[in-house]
Structure formats: C-alpha cells, structure tokens
Amino acid sequence: MNSFDTHEVANQPPPFEDVDLYACDAPLREGVAREGGAWAEARLHAFGARVGSAEVMELGREANRHAPELRSHDRYGHRIDEVRFHPAWHAVMALAMEHEVHNLPWREPRPGAHVARSSLHSLLSQVESGSCCPLTMTFACRPALAHAPEVAAAWEPKLLGTEYDPRLAPLADKRSVLVGMAMTEKQGGSDVRANTTRAVPLEGTAGEGGEYELVGHKWFCSAPMSDAFLTLAQTGRGLSCFLVPRVLPDGTRNPFRIQRLKDKLGNRSNASSEIEYAGTRGVRVGDEGRGVRTILEMVHHTRLDCVSGSTGLMRQALAQALHHARHREAFGKRLADQALMRAVLADLALEVEAATALMLRLARAFDESPRDEGARAFGRIATAVGKYWVCKRAPAMIYEAMECLGGAGYVEESILPRLYREAPVNAIWEGSGNVMCLDVLRAMVREPDAVPAFLAELEAARGDARLDAATAELKRELARPEDAERRARTLVERMALALQASLLVRYAPEPVSDAFLAARLERPALTFGALPAGLELEPILARALPA
Ligand SMILES: Cc1cc2nc3c(=O)[nH]c(=O)nc-3n(C[C@H](O)[C@H](O)[C@H](O)COP(=O)(O)OP(=O)(O)OC[C@H]3O[C@@H](n4cnc5c(N)ncnc54)[C@H](O)[C@@H]3O)c2cc1C
C-alpha cells in the first residue's frame, strides 16, 4: 500500500470470465449427450470458451451500452432507412454466424442438430441476447419458406452462409443473409387477423412466388437491417404471407421506411423498429389466404428459441450468483456456506436444471419431428407449454440471483441488470403468456395425438408417488373441458412442472429430482429459497458450477 491508498480492496470476487461456459454446465453437457448431440461436443466447448472469454463478454457489454441509431436520410437528404450499430454488435454477429447459431440443423441435418443448435443459442444468450433475435428469425424462416419452393431455392444458399455480411445489397451479391419477421401492427399483435396492410398482385406474376406490391405499416419489426422479412398482408383472399427483400435484384432499395426505433426496456443492442410499406415489393410464400398458417411454421421454431434464450439468461444469472457467493464472506463465513443462502442458490439451480432438461428435450422433438409423428405431436404441445413456463420463470429467477450479489448485482458493471431487463421479452414476443396458454388449448383440440404424446412422456417416468399423483391430477384436469380458457394458466403450469419433474426423475441425480419434486410439486412456495426441510443440497450446488 502506498501512502495515498486509504484501504485495501478485500472480500470481492474475481470476475467470472475466461470460463468455458459449456464445460462448467454439467446439466447442459449431460443433456446434450442424452438427447443426441454428443457429436457436437467439440464445437460446443469451442463456442462455450469463446463466449465465456473476457473479450466476448466485453463485446456484449459494449453492444448494449452503445445502442443502435437510426439514420433515416443521408447527409444530402436522400432517404436511406439504415441503422448504424456499434462494432461490438457486428463482432458478436460474426462470431455467432461463424458458429452456425442461425443455421446448424439446416447445414447439417442429422439427429441431434437441433439439440446442438439450441445449446449454442443458449450459450450466446448468456453474454449477448440482442443478437439472438436476428439469428433466431433467420434460423426459423426456413420452414415457412419451404411453402414456396422457388423462393426457398433462391434464398437457401445464402441462408446457409456462415460469413456475416451486414451490407444492404442484392441477394446475388451477398455472402449470407438475415431474415426478419414483420407481423405485428398497431391495432393488433396477438390477433394478426386484424392486420390492415394490403398486397396487390403485379400484372402477370400471379403464380407461386408471384410478385405483389404492399402498402401499410408494422408496429414492431426487429432487426430492420436484415435482408428480407416474412410479413403478413391482406389480399382479396385474406391474410397472406410474403417475403419482402430490402434490396431488389437490380440493386435499388425496396421502399422500407423505418419510422423510428423503439426505446426498449432491454434487448438494447438489437434494433426494433416501426416501419411502413409504401409500394413495397414482396413475393408470396404459401397460398393466398393461408398466411397465418404459413408463418406459424416460423413461429413454432422461434418459440423453441424463447425457451433456450431464457434458459441461457437464467444459467448466466445462476453462475454469477454461485461464483459470487463462493468468494464473498459475511458475518465471518462465506455466503455459499450460510444455510439460508445455500437454500436460495440450490432452489435457483433446480430451476435452471429443469429449464435445461426441458429445452434439450424439446430440441430433440424438433430433430425427430420430420420422421416421427409422435415426436411432432409432442413437440407441438410441449413447445407451447415450455415457452410459457420457462419464459415466465426467468424474470423472477434472475431477480433472485441478482439479490445474491447484494448491491453489486444492481450495478450495471455486473451483468445482472442486463439479464434482468432482457428476461421479460421472451415471454412477451412470439406469443405472450395468455396467448401461449390458449395455444396449448388449441393444440389439444386440433391435434388429437398431442395430449397422448405428452402424457406418454410423463408415464415414462412413473414410479415416484409425488410425480404419479401430479400426473393423475393433470389427467383429471385435462379431461374437464368446461371453463378451459379461464383455467388455462393453471393447467399449463401443471403440465410444465410435471414434464420438468418427469425429465429430472429420469435423468438427473437423485438429490436434484428429489428436491424438485418436493419444492415444485409437493410443497411449492412463493419465493425462491423457501425449500422444504430435509433436502440434500450439496450435490445440487456442486453440480451447478464446479468450485
Ligand atoms: C422487443 C420487441 C420486439 C418485437 N419484435 C417483433 C418483430 O420483429 N416482428 C413482429 O411481428 N412483432 C414483434 N414484436 C411484437 C410482439 O410479437 C407483440 O408485441 C406480441 O405479439 C403481442 O402483441 P401486442 O403487442 O399487439 O399485444 P396484444 O395482442 O394487444 O396483447 C396484449 C395482452 O393481451 C393478451 N391477450 C391477447 N389475446 C388474448 C386473449 N384472447 N385472451 C386473453 N389474453 C389475451 C396477451 O397475452 C397480452 O398479454 C416485438 C415486441 C417486442 C417487445
């Protein structure tokens, strides 16, 4: 200490960085192997180490500190409708695309590809979530584009690109492309049938992939610097789906007026805009009047990413909380050794382990769906259940993790405020909570195989009285059609908890499944850390993060 120092800095943890975020996550690693992604181990380690490096964590901070800016016009007054990003944003996007976060299952369609990609996506969410938005939408557009084979054939090679190319340029000149989604209008987001944007076919181009001119607006359009957008507009036959490129094949800009950028709670690195179509060219994707059905293929895939995104946010919050508690003392003892703190941390770890198991199980259903009708039916309903539940749990869980760091957790330099601000968006977009619950009811009615496939998954874990009782109760609830809409949240919550419990009973170490059954099915409490007595916490904590 020199003579001007007033004190020594003590009792502060080292930064949690330069860690392989995959290697330190046993539930994730075990789940990846179990659900068919073992072949991707090396790349998951490579990506986990990259995103966990001090360098990439700093990129995440910078990309969020310097929000994107709209440049509506150039200096000479020409309308350009561009968004300018900080270099950190571009660096994160390039890293993610190099690692195929936006397209791995399409480049390598093999069993476990969705499991591997969901894991990559979840790892990225831990350090920079905004970039996940364009990456997710680009990943998810492909199943919708399949409704227009000619359009898909033209865009596919560039969708499979892995070299980030942020230029606004014609498709032919691009090394890779990003595709966004523009559905929501001022008068209706969940109820897209209220869309008023109109599409009129251009003379002589009425067939599949025919060209239309669009006039109208979209109230939310994220990642407006993407190369094209799947969008909805009304034709004479009803709501239809279109692909709208930002640049036309001859190099001219398609009219795409960015009115302003949203000033958002979180997700600040990512630009979300309000746009207008003013004689904007689009090609039809799928049949006229079937636009909702077409774009729902995309939405089904983005919902999987809402689960992996929220799981990633929670995982990073948990790792930060555990790391802090192991390095910080209060009242003469490490926080991690204090009985009450151990209960809080263990409860948070249970939440993340259950979310991780569910995310990977859903991803396997996506892997199996093309060849297995049962997997498709299970994925249809379980994705909606998982999207509702995991996204709903994230804000409360992350807040509690933040509190584990005390005042430091509330300060921007820790990543917790950013994780916390980010958390609600996964619940709000791509089907807000109520809409997801109604979607579960819809799946029950429209997909006769969905409930049997869901229950078969629970039956596979039979044997523990607590889970068996929850399954029996759920069956009784499912058999009661009356008043279903009003009861939907209760029903979906029970479905989610039973499914998570069944996965942990089958695959997690006994102290984890035992504690989950006790704390979520048998004696649920309203705050994290209010665990029933007599649980074995040490194995849960040790497993959550290596010391
Ligand atoms: C950061 C951000 C980025 C976004 N990016 C995009 C984008 O790129 N493209 C895009 O198209 N959209 C985007 N959205 C919009 C988002 O998808 C919508 O906000 C969402 O779908 C909800 O629509 P809404 O805002 O019109 O709310 P509303 O539809 O008005 O819903 C309001 C509330 O009512 C509930 N509700 C609706 N119907 C029912 C019902 N029948 N019963 C009970 N409750 C009901 C909903 O669950 C919700 O809680 C973005 C939103 C955000 C916040």
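This is a short tutorial dialogue on a predicted model, looking at its ligand and one of its pockets.

Me: Which residues come nearest to the ligand?

Reply: Start with the residues around the ligand. There are 20 of them here, and M181, M183, T184, S190 and S222 come nearest.

Me: Which elements each supply at least two residues of that shell?

Reply: Two strands and two helices do: β3 (179–182) and β5 (211–222), along with α12 (416–428) and α13 (433–446).

Me: How many nonpolar, polar and charged residues does the shell have?

Reply: Sorted by class, ten are nonpolar, eight are polar and two are charged.

Me: Where do I look for polar contacts with the ligand?

Reply: Look for pairs of N or O atoms within 3.5 Å. In this model, the side chain of S190 places an N or O atom 2.6 Å from a ligand oxygen. A backbone N or O atom of G189 is 2.8 Å from an oxygen atom of the ligand. The side chain of N434 has an N or O atom 3.0 Å from a ligand nitrogen. On its own the ligand has 970 Å² of accessible area, and the protein covers 66% of that.

Me: What about empty space in a protein?

Reply: A rolling probe the size of a water molecule shows where empty space is left among the atoms. In this structure, the second largest pocket holds about 600 Å³ of space.

Me: What lines the second largest pocket?

Reply: Its lining has 26 residues, with W389, E493, L497, R520 and P524 nearest the centre. Helices α11 (373–404), α15 (465–478), α16 (484–507) and α17 (510–522) each give two or more residues to this lining. By class, the lining has 15 nonpolar, two polar and nine charged residues.

Key:
Residues numbered from 1 in each chain as written. Predicted model: local features only at pLDDT ≥ 70, side-chain atom pairs only at ≥ 80, totals over all residues. Heavy atoms only, no water. Near = heavy atom within 4 Å. Polar contact = N/O pair within 3.5 Å; in protein donor to acceptor, adjacent residues only side chain to side chain. Areas by Shrake-Rupley, 256 points an atom, 1.4 Å probe, with all protein chains shown as cover. Helix = DSSP H or I, 4+ residues; strand = E, 2+ residues; numbered from the N terminus. Nonpolar A, V, L, I, M, F, W, Y, C, P; charged D, E, K, R; others polar. 1 Å grid on protein atoms, 1.4 Å probe; cavity = no way out; pocket = protein on both sides within 12 Å on 5 of 7 lines; lining within 4 Å. Points joined across faces, edges and corners; volume = space filled by probe spheres on them.
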